[in-house]
Protein chains: 4
Amino acid sequence: MLDPQTPKHGFAALVGYRLVDWQEDRAEIALDVEARHLNRSGIAHGGVAATLLDTVLGYAGCHCAVPGRVRRAVTLSLTVNYIGAVEAGTTLVAVGRRVGGGRRVFYAEGEVRGPDGALVATGSGVWRYRDGSGSPEGVPAE
Amino acid sequence: MLDPQTPKHGFAALVGYRLVDWQEDRAEIALDVEARHLNRSGIAHGGVAATLLDTVLGYAGCHCAVPGRVRRAVTLSLTVNYIGAVEAGTTLVAVGRRVGGGRRVFYAEGEVRGPDGALVATGSGVWRYRDGSGSPEGVPAE
Amino acid sequence: MLDPQTPKHGFAALVGYRLVDWQEDRAEIALDVEARHLNRSGIAHGGVAATLLDTVLGYAGCHCAVPGRVRRAVTLSLTVNYIGAVEAGTTLVAVGRRVGGGRRVFYAEGEVRGPDGALVATGSGVWRYRDGSGSPEGVPAE
Amino acid sequence: MLDPQTPKHGFAALVGYRLVDWQEDRAEIALDVEARHLNRSGIAHGGVAATLLDTVLGYAGCHCAVPGRVRRAVTLSLTVNYIGAVEAGTTLVAVGRRVGGGRRVFYAEGEVRGPDGALVATGSGVWRYRDGSGSPEGVPAE
């Protein structure tokens, strides 16, 4: 059974990453790299790591422990440094950590790793909480 | 008939952007935003603008005027600032400009615009040319 | 006579830049590069361009047309791309432009140019307005 | 006696930071914040943290264990996220770590901390080695 929080639609489903872990100030997602993720040079498109980092860093600041409620934020700025190339047939694991901020904005950092934990990319950025999401209690899910 | 340079496979096809213009130091791509590009808040996922910017900025430094030859580069660093939200049913246009560099690295900047030219995101970054691609003549396409 | 808005104390005085132009959504500062601005390789320290960009981009979003009042903001994120080296004896001109945002945050972009307008560095970032400074009327200067 | 490697001239002397530790892939510098480091809002100018991070991250990739020889690099891109404010009378400690790269470029990340280890800013970036400096043996110091 899929984790009920694993995204099953939209860009998350298109790209195909899955939620591995989500707790206060930390999130982890994974992606199996396939041909559909490659660029014209035969390695994972830079947009893939950027997507994983935007997702997992944003998640890191938006965990909500209250059932039926969520926390939402919009990315203000994201920087990705590309350290290693990735080919099809491997699995990427992206981890995000909230490192600072308050009720209005938060900061997160993290990295994408490939086979044997090799560093593929690092990322950092700033997010703005949507109204009501600055509190750990969040807002009603819908 | 599609422009023969429009990517038809890999992540480019998955995300669905198309090449609009490509010339020395400048590139332009477009994307029709659909449900598959959205995040859990119902707006375009941050990974979409990041993908468009990584693509179009990289293209801006890799135009090759010689038939049968290409220039390749790898992204070293990419920063995206998210300025406006985008919903499904709109078209995004991303423009990239090479602004500096030499035979080893190049710098590019650009932006993503939505309806009525509204700024959706800006981006900047640094790329490293693959061996042989620092020259305008590039390398054999395959 | 110095422009009364030219900073005369703190880090601004230490580094030595001067205000050249400041209007709605745009600012310009200049710096004469001297030996005290160089790094151990004999070119301007990367911190110099970063300081100029943090300053001028922040100014771009904080112009206040009301006498006796000011607008204040704190930098959330700043990215600098270093394109050209600078030696002592030259003058740097840094321009910043506010490109988006609202009452809570703003986005700015700009560049540092050296002799003959050569690009030295580009910068972009996000700022958060301090309370009251999101309005064009700003807050009392002291 | 000062560590002979502590910079005593140029921008390093002007800003006033001192080298605390420098080893393979890691560097640490410190700065006592004084009135001359402040901006017009009375907190440390954003250029201060940017200068510390550009310095310490660059050092992290340039340690050279061979007496009389050095390694030099130029910053390609630097991103700073500003997390906390700093007042005069405190000491900042900046740590940089080389996290990847090879003989041509390297990647580094780090942070600036204030009293009680509070996070003031984080930084990441990419550097290009100057000719000969990609090797651990570096080049003659002069």
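This section describes the strand pairing, helix packing, aromatic pairs and chain symmetry of a predicted model.

In chains C and D, 12 strands make up an open sheet with antiparallel pairing. The strand order is β1(C)-β2(C)-β5(C)-β6(C)-β7(C)-β4(C)-β4(D)-β7(D)-β6(D)-β5(D)-β2(D)-β1(D). Strand β4(C) is thus listed next to β4(D), where the order passes from chain C to chain D. The edges are formed by β1 (18-23) of chain C and β1 of chain D, each of which pairs on one side only. From one strand to the next, the twist averages 20°.

Individual strand pairs were examined in chains A and D. In chain A, strand β2 (residues 26-32) runs antiparallel to strand β5 (residues 91-101), and 7 bridges join the two. Within this pair, Leu31(A) is placed opposite Leu92(A) of β5(A). Strand β5(A) also pairs with strand β6 (residues 105-113) of chain A, in the antiparallel sense and over 8 bridges. Here Ala94(A) is opposite Val112(A) of β6(A). The strands β5(A) and β6(A) form a hairpin, with 3 residues between them. In chain D, strand β4 (residues 73-82) and β7(D) are antiparallel and are joined by 9 bridges. Val80(D) stands opposite Gly123(D), a residue of β7(D).

A helix packs on the sheet in chain D: α2(D) touches β1, β2 (26-32), β4, β5 (91-101), β6 and β7 of that chain. The direction of α2(D) makes about 45° with that of β5(D). In chain C, helix α2 (residues 46-60) lies across β1, β2 (26-32), β4 (73-82), β5 (91-101), β6 (105-113) and β7 (119-129), and runs at about 45° to β5(C).

Over all chains, the structure holds 12 aromatic pairs. One of them is the stacked pair of Trp22(D) and Tyr59(D), with 4.6 Å centre to centre and 20° between the planes. Trp22(D) belongs to strand β1 (residues 18-23) of chain D and Tyr59(D) to helix α2 (residues 46-60) of chain D, so the pair ties together parts that are 37 residues apart in sequence. Trp22(D) counts as buried at 16% relative accessibility, and Tyr59(D) is buried with a relative accessible area of 10%. Phe106(D) and Trp127(D) form a stacked aromatic pair at 5.5 Å centre to centre, with 10° between the planes. This pair links distant parts of the chain, as Phe106(D) lies in strand β6 (residues 105-113) of chain D and Trp127(D) in strand β7 (residues 119-129) of chain D, 21 residues apart. Phe106(D) has a relative accessible area of 0% and is buried; Trp127(D), at 2% relative accessibility, also counts as buried. In chain A, ring pairs link Phe106(A), Trp127(A) and Tyr129(A) into a cluster.

The relation between chains was examined by superposition. A turn of 180° and a shift of 0.0 Å along the axis lay chain B on chain A with an RMSD of 0.0 Å. This is the relation of a two-fold axis. In chain B, Thr79(B) has the C-alpha nearest the axis, 2.1 Å from it. Both copies use the same surface, as 100% of the contact residues of chain B recur in chain A.

For the other two chains, a rotation of 180° with 0.0 Å of shift along its axis superposes chain C on chain D, with an RMSD of 0.0 Å. Of the residues of chain C, Thr79(C) comes closest to the rotation axis, its C-alpha lying at 2.1 Å. Of the interface residues of chain C, 100% are also interface residues in chain D, so the copies meet through the same surface.

Notes. Residues are numbered from 1 along each chain as its sequence is written. Chains are lettered from A and ligands numbered from 1 in the order in which they are written. This is a predicted model: local features need pLDDT of at least 70, side-chain atom pairs count only at pLDDT 80 or more; totals for chains, interfaces and linings use all residues. Side-chain values use heavy atoms; hydrogens and water are left out. Two strands pair if DSSP finds at least two bridges between them. Helices (H or I, at least four residues) and strands (E, at least two) are DSSP runs, numbered from the N terminus. Copies are superposed by least squares on the C-alpha atoms of residues with pLDDT of at least 70 in both. Contact means heavy atoms within 4.5 Å. Rings of Phe, Tyr and Trp (its six-membered ring) pair if their centres lie within 6.5 Å; planes under 30 degrees apart count as stacked, over 60 as edge-to-face and the rest as tilted. Buried means under 20% relative accessible area, exposed over 50%, partly exposed in between (1.4 Å probe, protein chains only). Axes are lines fitted to C-alpha atoms, for helices over the stretch in contact, and angles run from 0 to 180 degrees between N-to-C directions.
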